[in-house]
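Here is a quick tour of a protein chain, written for someone who would rather look than scroll through coordinates. Take a look at the fold first, then read on.

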Amino acid sequence: MGVTPPLIEVGLVVAAQGLKGELRILPCSDFAERFLKPGPRWLQKLDEPPRAVELLQGRCLPRKGLYGIRLKGIETRNQAEALVRCRLLADGATRPAMGAGEFHLLDLEGLEVRLDPSGPALGTVVNLLHGGNDLLEIRLRHGGQSVLVPFVEAIVPQVRLEEGWILLCPPPGLLPVEAQPAPADAIGSAHQPES
C-alpha cells in the first residue's frame, strides 16, 4: 500500500443501518460527495492509526441529517456495529471546489483572532468542533486559556484567509473578563473624585 495522504475527518460512524453492513454516518463536512462518491476513505478508532477502506456507495438518509454508506468487505450488521464510533476520514488533498467567498473550515486553524481589523491579535484558532453549530476553539494570547466561539456570521463577521486573521465581535460574556474589549467610552478616561 502506498503512502497515506493527509487525512481530514468528514464524519463519525454512529450506528449500523439495516442488516447488510450499511453504516450510519453523522457528517462533519458540508460536502455530500464525501459520502456519496465511491472511492478511498479511511476509518480510525480512538488511539489507533487510520486504516484504508473503499466506499462503494452512499445515500442521504431523509429527515435524519445522516448518510448511509456501504464499505467494501462490510456485509453484516455485526461487522457494521464493530465500527461504531470510528471516525470517517477522507484525503485532505482532494478538497471539493469552493465558490467565491467560501473556504474550508480547516483553513481557519492557525489564523489570528482580532477584535479590530487593525488591532493586535487576541488569540489564535487552534481547533474546530462540530456540533449543532461549528465552534472555533481559540487559544487566548494572555493566559493561554482556550474559549469556544460559535462560528456564525454575527460573531465572526470577517474571515481574511489571505491576510491570516478573522474578526471576532463577541457578545457580552462570551470571553473571559480579562479578554473582554473595553467599552468605547471607558477608553482613555480615568475616574475623577467628586469635588
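## Strands, sheet and salt bridges

Strand β12 (residues 165-167) runs antiparallel to β11, and three bridges join the two. One of the residue pairs here is V159 with I166, the latter being the bridge partner in β12. Strands, by the way, are DSSP runs of E with at least two residues, while helices are runs of H or I with at least four residues, and both are numbered from the N terminus. Two strands pair if DSSP finds at least two bridges between them.

Before going further, a word on what you are looking at. This is a predicted model, where local features need pLDDT of at least 70 and side-chain atom pairs count only at pLDDT 80 or more, while totals for chains, interfaces and linings use all residues. Residues are numbered from 1 along each chain as its sequence is written, and side-chain values use heavy atoms, with hydrogens and water left out.

Now zoom out to the sheet. β11 and β12 belong to an open sheet of six strands with mixed pairing, in the order β10-β9-β8-β7-β12-β11. The edges are taken by β10 and β11 (158-160), and each has a single partner strand, so one side of each is left without a neighbour in the sheet. From one strand to the next, the twist averages 35°; angles like this run from 0 to 180 degrees between N-to-C directions, with axes being lines fitted to C-alpha atoms.

Over the whole chain, there are two helices and 12 strands, and in sequence order they read β-β-α-β-β-β-α-β-β-β-β-β-β-β. Of the 195 residues, 34% are buried, where buried means under 20% relative accessible area, exposed over 50%, and partly exposed in between (1.4 Å probe, protein chains only).

On to the charged side chains. The structure holds six salt bridges, each being a side-chain nitrogen of Lys or Arg within 4 Å of a carboxyl oxygen of Asp or Glu. Here are some of them:

| Pair | N to O distance |
|---|---|
| R59 and E22 | 2.9 Å |
| E112 and R114 | 3.2 Å |
| R141 and E112 | 3.9 Å |

What does the salt bridge between R59 and E22 tie together? R59 sits in strand β4 (residues 51-61) and E22 in strand β2 (residues 22-27), so the pair ties together parts that are 37 residues apart in sequence. R59 is partly exposed at 36% relative accessibility, whereas E22 is buried at 12%.

The other two pairs share a residue: E112, R114 and R141 are linked in a network of salt bridges. Within this network, R114 is buried, with a relative accessible area of 16%, while E112 at 26% counts as partly exposed. R141 is also partly exposed, at 47%. The pair R141 and E112 links distant parts of the chain, with R141 in the loop between β9 (135-140) and β10 (146-150), and E112 in strand β7 (residues 112-114), 29 residues apart.

Finally, have a look at Q44 in strand β3 (residues 39-44). Is Q44 buried or exposed? At 15% relative accessibility, Q44 counts as buried. The side chain of Q44 reaches the backbone oxygen of E48 at 2.8 Å, and a polar contact of 2.2 Å joins the side chains of Q44 and R87. For a polar contact, a pair of N or O atoms must lie within 3.5 Å; within protein, one must be able to donate a hydrogen and the other to accept it, and residues adjacent in sequence count only if both atoms are side-chain atoms.
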